[in-house]
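I opened this one to see what holds the fold together. These are my notes, in the order I looked things up.

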Amino acid sequence: RQTKALINSIVRPHGEPPMSRVAALFQRAFGARPLEIGSDECFAGLVRVIRDGKEILPHHDHLGEDLPTLEFAARLEGQLAVNIYLQLPEAGGELELWPREGIPAETPRLPGSDYGLDRAFLPSSLMPVKPSVGELLMFDSTRIHAVRPSSGTARVSISFFMGVGTD
């Protein structure tokens, strides 16, 4: 309930929900449409709230690896993460991206994690990206990425993935 109230207080002053505006823009610009699995349209718009002192560990998102049995995943040629920033912390919360070179093919995961990669086996990240409120950032989600720990106000974003396929 606290998270829902927080999201509503941030989004309400902006009128139409940001994801609706972005979806309409992508449809006009690229002919993009929501992914359908069977006859069901997939939801776009994951809200992420990263509270004081928390982080998102290094990882990559790849539909073909995460859901290999999904028929569409086999036709996926590229995948972008799209983030819209609604609220940012006073310090930290930067997006980190890693170069493709120098990454071991099987980078070890953190002990006890099936998600986060062990930074000890990664080269230095590229220059961190500090977004601004209202900014939309897109990046290749198959590239290893993370969010640095933040302090103060929660970091709130709305995210979705945009895939490019042969269909």
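Which residue forms a salt bridge with Arg119? I checked, keeping in mind that this is a predicted model. The partner is Glu96, and the closest N and O atoms are 2.8 Å apart. I then placed both ends: Arg119 sits in the loop between β7 and β8, Glu96 is in strand β7, and 23 residues separate them.

**Entry: the rest of the salt bridges**

I counted 2 salt bridges in the structure. The other one pairs Arg148 with Glu96, at 3.4 Å from N to O. Arg148 belongs to the loop between β9 and β10 (150–151), while Glu96 is in strand β7, so this pair ties together parts 52 residues apart in sequence. Glu96, Arg119 and Arg148 end up in one network, since the salt bridges share partners.

Next I looked up how covered each member is. Glu96 has a relative accessible area of 4%, so I noted it as buried, the limit being under 20%. Arg119 comes out at 34% relative accessibility and is partly exposed. Arg148, at 29%, is partly exposed as well.

**Entry: the sheet around β7**

I followed strand β7 into its sheet. It is an open sheet of 3 strands, ordered β4-β9-β7, with antiparallel pairing. Its edges are β4 (56–59) and β7 (95–97), each of which pairs on one side only. I got an average twist of 15° from one strand to the next.

For the β4 side I looked at the pairing in detail. β4 and β9 (residues 145–147) run antiparallel and are joined by 2 bridges. Ile56 has Val147 in β9 standing opposite.

**Entry: Ile144**

Where does Ile144 sit? I found it in the loop between β8 and β9. Is Ile144 buried or exposed? It is buried, with a relative accessible area of 10%.

I listed its contacts, leaving aside neighbours within four places in sequence: Pro58, His59, His60, Glu96, Leu97, Trp98, Ile103, Leu117 and Leu122. Glu96, from the salt-bridge network, is one of those contacts. I also took the C-alpha separation from Ile144 to Trp98, which is 5.5 Å for two residues 46 apart along the chain.

**Entry: Ser141, in that loop too**

Ser141 is another residue of the loop between β8 (136–140) and β9. Its relative accessible area is 0%, so I put it down as buried, which requires under 20%. Beyond its neighbours within four places in sequence, Ser141 is in contact with His60, Asp61, Gln79, Leu80, Ala81 and Phe161. His60 is also among the contacts of Ile144.

**Entry: β8 and its partner**

Going back along the chain from Ser141, I looked at β8. One face of β8 is covered, with Leu137 and Phe139, and the other is uncovered, with Leu136, Met138 and Asp140. I set that beside the general rule that side chains in a regular strand alternate between the two faces of the sheet.

How many bridges join β5 to β8? I found 5, and the two strands run antiparallel. Val82 stands opposite Met138 in β8.

**Entry: nonpolar cores**

Val82 turned up again when I pulled out the largest nonpolar core. This core has 10 residues: Val22, Phe26, Val82, Ile84, Leu86, Ala154, Val156, Ile158, Phe160 and Met162. The elements giving two or more residues are α2 (18–30), β5 (76–87) and β11 (155–165). β11 gives the most, with 4.

There is a second, separate core of 7 residues, including Ala81, Leu88, Leu95 and Phe139. Phe139 is on the covered face of β8, and Ala81 was in my contact list for Ser141.

I also checked Val22 from the largest core. Leaving aside neighbours within four places in sequence, Val22 is in contact with Ile84, Leu136 and Phe160.

**Entry: whole-chain numbers**

I left the totals for last. The protein chain has 4 helices and 11 strands. It runs to 167 residues, of which 36% count as buried. Among contacts with a separation of 6 or more, 83% are between residues 24 or more positions apart. The accessible surface is about 10100 Å², and 55% of that belongs to carbon and sulfur atoms.

Key
Residues are numbered from 1 along each chain as its sequence is written. This is a predicted model: local features need pLDDT of at least 70, side-chain atom pairs count only at pLDDT 80 or more; totals for chains, interfaces and linings use all residues. Side-chain values use heavy atoms; hydrogens and water are left out. Two strands pair if DSSP finds at least two bridges between them. Axes are lines fitted to C-alpha atoms, for helices over the stretch in contact, and angles run from 0 to 180 degrees between N-to-C directions. Buried means under 20% relative accessible area, exposed over 50%, partly exposed in between (1.4 Å probe, protein chains only). Contact means heavy atoms within 4.5 Å. A nonpolar core is a set of buried Ala, Val, Leu, Ile, Met, Phe, Trp, Tyr and Cys residues joined through side-chain atoms within 4.5 Å. A salt bridge is a side-chain nitrogen of Lys or Arg within 4 Å of a carboxyl oxygen of Asp or Glu. Accessible areas come from the Shrake-Rupley method with a 1.4 Å probe; for residues, only the protein chains shown count as cover.
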